[in-house]
Amino acid sequence: MGTIPVSLHGGHTTVFDGKTGARPMVEAALAAGMEVFGLSEHFYRPREERYMYGEEDRSTDWGRRGWPGFAEEVLTLKEEAARSGGMQVLLGAEVEYLRSYRDWTVEELSHWPLDYVVISVHWVWAGERAF
């Protein structure tokens, strides 16, 4: 059995901390011979100070502003790829695992037609201090 070129954590777009948009990434993946390419972006988290990164604007809902546009763009690319019979494009989310917000996160994820989820841990707590 041969291998199928696949990428499921295809990088982040300029919506958050990436260097390019979703369409150029999909075009590059297709040119590289990928058969399946997933785009995953940071999913929004609860607006709690201790779960925000230094670059996030605490006066706005950073993740919620960017996520819908990202998801819509990837869904458009997914439909275009399906119509052309080319590479399969998948919509993914990189989700910060926060035990105290598990139910909230599951509920928020249920509103999106995700193909996969990448669970990540960016915060490790020791008492009141994060690393």
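Let's start at Trp104. Trp104 is partly exposed, at 25% relative accessible area. (Under 20% is buried, over 50% exposed, in between partly exposed; 1.4 Å probe, protein chains only.) Keep Trp104 in view, because its ring pairs with that of Tyr44, as I will show.

First, what are we looking at? This is a predicted model, so local features need pLDDT of at least 70 and side-chain atom pairs count only at pLDDT 80 or more, while totals for chains, interfaces and linings use all residues. Residues are numbered from 1 along each chain as its sequence is written, and side-chain values use heavy atoms, with hydrogens and water left out.

Now the confidence. The protein chain has an average pLDDT of 78 (the predictor's confidence in each residue, from 0 to 100), and 69% of its residues score at least 70. Where is confidence lowest, and where is it highest? The low point is strand E1, residues 6–7, with a mean of 60. The high point is H3, at 91. Where pLDDT is low, the predicted coordinates should not be read in detail.

Next, the layout. The chain has three helices and six strands. (These are DSSP runs numbered from the N terminus: helices are H or I with at least four residues, strands E with at least two.) Reading from the N terminus, the order is β-α-β-α-β-α-β-β-β. Of the 131 residues in the protein chain, 40% are buried.

Take helix H1, residues 22–31. Which of its residues are buried? They are Ala22, Met25, Val26 and Ala29. Looking down the H1 axis, the buried residues fall within an arc of 95°, so they line one face of the helix. (The arc is taken over directions from the helix axis to the C-beta atoms.) Just past H1 comes Gly33, with a positive phi of about 90°.

Back to the rings. Phe, Tyr and Trp rings (six-membered for Trp) pair if their centres lie within 6.5 Å; planes under 30 degrees apart are stacked, over 60 edge-to-face, the rest tilted. That gives six aromatic pairs. One of them joins Phe43 and Tyr44: centres 4.2 Å apart, planes at 25°, so this pair is stacked. Both partners are inside. Phe43 is buried at 2% relative accessible area. Tyr44 is also buried, at 7%.

Tyr44 then reaches Trp104. Their ring centres are 6.1 Å apart and the planes stand at 80°, so this pair is edge-to-face. The two residues come from distant parts of the chain, 60 residues apart. Tyr44 sits in the loop between strand E2 (36–42) and helix H2 (62–84). Trp104 sits in helix H3, residues 102–109.

How far does the cluster run? Ring pairs link Phe43, Tyr44, Trp67, Phe70, Tyr101, Trp104 and Trp112.

On to charges. A salt bridge here is a side-chain nitrogen of Lys or Arg within 4 Å of a carboxyl oxygen of Asp or Glu. The count is three.

Bridge A pairs Arg23 with Glu80, at 2.9 Å, N to O. Arg23 is in helix H1 and Glu80 in helix H2, so the contact ties together parts 57 residues apart in sequence. How exposed are the partners? Arg23 is partly exposed, at 34%. Glu80 is partly exposed too, at 30%.

Bridge B pairs Asp115 with Lys78, at 2.7 Å, N to O. Asp115 lies in the loop between H3 and E4, and Lys78 in helix H2, so parts 37 residues apart in sequence are tied together. Asp115 is partly exposed, at 35% relative accessibility. Lys78 is partly exposed, at 25%.

Bridge C pairs Asp103 with Arg102, at 3.2 Å, N to O. Asp103 counts as exposed, at 59%. Arg102 counts as partly exposed, at 48%.

One last residue. Ile119 is in strand E4, residues 116–120. Is it buried or exposed? Ile119 is exposed, at 56% relative accessibility.

To recap the contacts between elements. Helix H1 meets helix H2 through Arg23 and Glu80. Helix H2 meets the loop between H3 and E4 through Lys78 and Asp115. The loop between E2 and H2 meets helix H3 through Tyr44 and Trp104.
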